[in-house]
Amino acid sequence: MRESRDVEALVIGSGMSGIGAAVALRRAGVRDLVLLEKADDLGGTWRDNTYPGCACDVPSALYSYSFAPNPEWTRAFAGQAEIRAYLRDTAAAHGVTPLVRFGTEVIRARWSPGDARWHVETTRDHYTARLLVSAAGPWHEPRIPDIPGLADFPGEVFHSARWRHDHDLAGARVAVVGSGASAVQFVPAIQPRVARLHLFQRTAQWVLPKPDHHVPRAERWLLRRLPAAQHALRGAEYGALEALGVGFRHPALLRAVQKVGALHLAATVKDPRLRSSLTPDYTLGCKRLLLSNTYYPALTRPNVTLHATAVKAVDGNRLIGADGSTADVDTVVLGTGFHILDMPIGRRVFDADGASLDDHWKGSPDAYLGTTVSGFPNAFVLLGPHLGTGHSSAFMVLEAQLAYLAGAVRHFRSAGWTSMDVRPEVQAAFRAEVRQALPSTVYNAGGCASYYLDANGVNSFSWPWSTGRMRRRLARFDPEAYQAR
Ligand SMILES: Cc1cc2nc3c(=O)[nH]c(=O)nc-3n(C[C@H](O)[C@H](O)[C@H](O)COP(=O)(O)OP(=O)(O)OC[C@H]3O[C@@H](n4cnc5c(N)ncnc54)[C@H](O)[C@@H]3O)c2cc1C
């Protein structure tokens, strides 16, 4: 029988955002707190993405919580298993794990003004909650391309985020569709094993050398003993990435970085035709910047064919490119990204009148400070619209939001509020401010189409300023921006 339970706060998801939200909410005094997780383990992205070569592409010292520094990373850019273990350990150490209801998918959450609570239907129980935090993850739902004939492909087809470890690729003829952040990692990992690899690349990517290395035991020992050294490392890496961020806001400054990318390509790919196919025709940073020392070399191997084209159709076991090139294969691996700006949670969270977030957004997600949405009182969206950075760590964004969330909750409790709804004019003014600042950034001016652009062709993803400004802007909760009761 379904139970009904009333709690102070509900968090949807137990990835890095959900875990971080739970820690922040508890620090803000919330004791009655539940995390709803549809899967049977926490970790989100780092639970789901087990493809060969999966690793983070910002240094691990930055891709971690500031409140849980980890001196044990064995690589400068840790791999998936280590990041997953880190999230699991952090959740356990901060008492979050027992708060998670696994195997519990949120189907529908609706604001009820009568009792000033969120009413949440899940695959298990029914909850009511004063506060709702969506930490459902923008990189969660794999994007499966709508390619005619793909559904009838006679071999195996899978997305990189749902890797089929039971399907042996040794000696197989494999087509990879997509050349983004995941493909750049798994292509070099599978290339030595497969008989043939056909890579379908719609757009050439900027790929810089990855300054990755094994972290020696002595260095880990030092970091364990000297937390200040670890703090300094984090600070130095933050500074280096912020310097890159200056270029993203002033694209003319990116020429030198672009030169590094061009030299990297020239040094690793000698064939002029292949090199030309791999040369991007837009400014570095316009799409997510990729790092790899092994991607270009893998593409020069004799068992690899690069098709510099999108896949137009699939006929039996033959993939047909928009340029007419073909590939006969046994397996198709989709490295085609995620439903980022059209994330499924947008269709599951409803205002008092029954309109969903998606209905409000009409293809262009929008939230005040990337966090609160008018008409959705007492709700917070983590890693929400307008907060994406092309150069920094998602943890930087998350922690800026967690400071805001904690401030909001403290104020909410001490002021005795029962509901807080961001004023529509405040949200509109913030949106206008962002949209005014974006055109000069590389994300908008770099001459590419990217996942930063939504269904309407508008950049709803990016934060056009520094992450320092993001931190400052979200450091203090601003009650005057809200209609409260
Ligand atoms: C392969 C990959 C590599 C990445 N590498 C980097 C990197 O190097 N640097 C960087 O800054 N960013 C990176 N990102 C982006 C981002 O940092 C990660 O996606 C990060 O895990 C986001 O954390 P999250 O908790 O917000 O979402 P997720 O990790 O996606 O977690 C969301 C959780 O919510 C659950 N959930 C979703 N819907 C529901 C529902 N309706 N009911 C219940 N539970 C639900 C999911 O099962 C999941 O556990 C990467 C993303 C991917 C996909």
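In this predicted model, helix α1 (residues 16-27) and helix α11 (residues 394-414) have axes that come within 9 Å of each other and cross at roughly 30°. Because angles under 35 degrees count as roughly parallel, α1 is roughly parallel to α11. The crossing in which α1 passes α11 is right-handed.

The residues that make this contact can be followed along both helices. On the side of α1 they are Met16, Ser17, Gly20, Ala21, Ala24, Leu25 and Arg27, and they meet Phe395, Leu398, Leu402, Leu405, Ala406 and Val409 of α11. Sorted by character, the residues in the contact of α1 with α11 comprise 10 nonpolar, 2 polar and 1 charged.

From the helices we turn to the strands, beginning with two hairpins that have β14 in common. Strand β13 (residues 311-315) and strand β14 (residues 318-321) run antiparallel and are joined by 4 bridges, and within this pairing Ala313 has Ile320 of β14 as its bridge partner. The hairpin that β13 and β14 form has 2 residues between the strands, and Gly316 in this hairpin takes a positive phi near 60°.

On the other pairing of β14, the partner is strand β15 (residues 326-328), again in the antiparallel sense, with 3 bridges between the two. Ile320, already met as the bridge partner of Ala313, has Thr326 as its bridge partner in β15, so that a reader who starts at Ile320 can trace one bridge into β13 and another into β15. The hairpin of β14 and β15 has 4 residues between its strands, and in its turn Gly324 has a positive phi of about 90°.

A separate description applies to an open sheet of 5 strands, in which the pairing is parallel and the strands follow the order β7-β16-β8-β9-β12. Its edge strands are β7 (156-159) and β12 (304-307), each of which pairs on one side only, and the twist from one strand to the next averages 15°.

At the β7 end of that order, β7 and strand β16 (residues 331-334) run parallel and are joined by 4 bridges. Within this pair of strands, Glu156 stands opposite Thr331 in β16. When inspecting such strands in the viewer, it helps to recall a general point: in a regular strand the side chains alternate between the two faces of the sheet.

Technical notes: Residues are numbered from 1 along each chain as its sequence is written. This is a predicted model: local features need pLDDT of at least 70, side-chain atom pairs count only at pLDDT 80 or more; totals for chains, interfaces and linings use all residues. Axes are lines fitted to C-alpha atoms, for helices over the stretch in contact, and angles run from 0 to 180 degrees between N-to-C directions. Angles under 35 degrees count as roughly parallel, over 145 as roughly antiparallel, 65 to 115 as roughly perpendicular and the rest as oblique. A crossing is left-handed if the near helix is turned anticlockwise from the far one by less than a right angle, and right-handed if clockwise. Two residues are in contact if their C-beta atoms, placed from the backbone, lie within 7 Å. Ala, Val, Leu, Ile, Met, Phe, Trp, Tyr, Cys and Pro count as nonpolar, Asp, Glu, Lys and Arg as charged, and the others, Gly among them, as polar. Two strands pair if DSSP finds at least two bridges between them.
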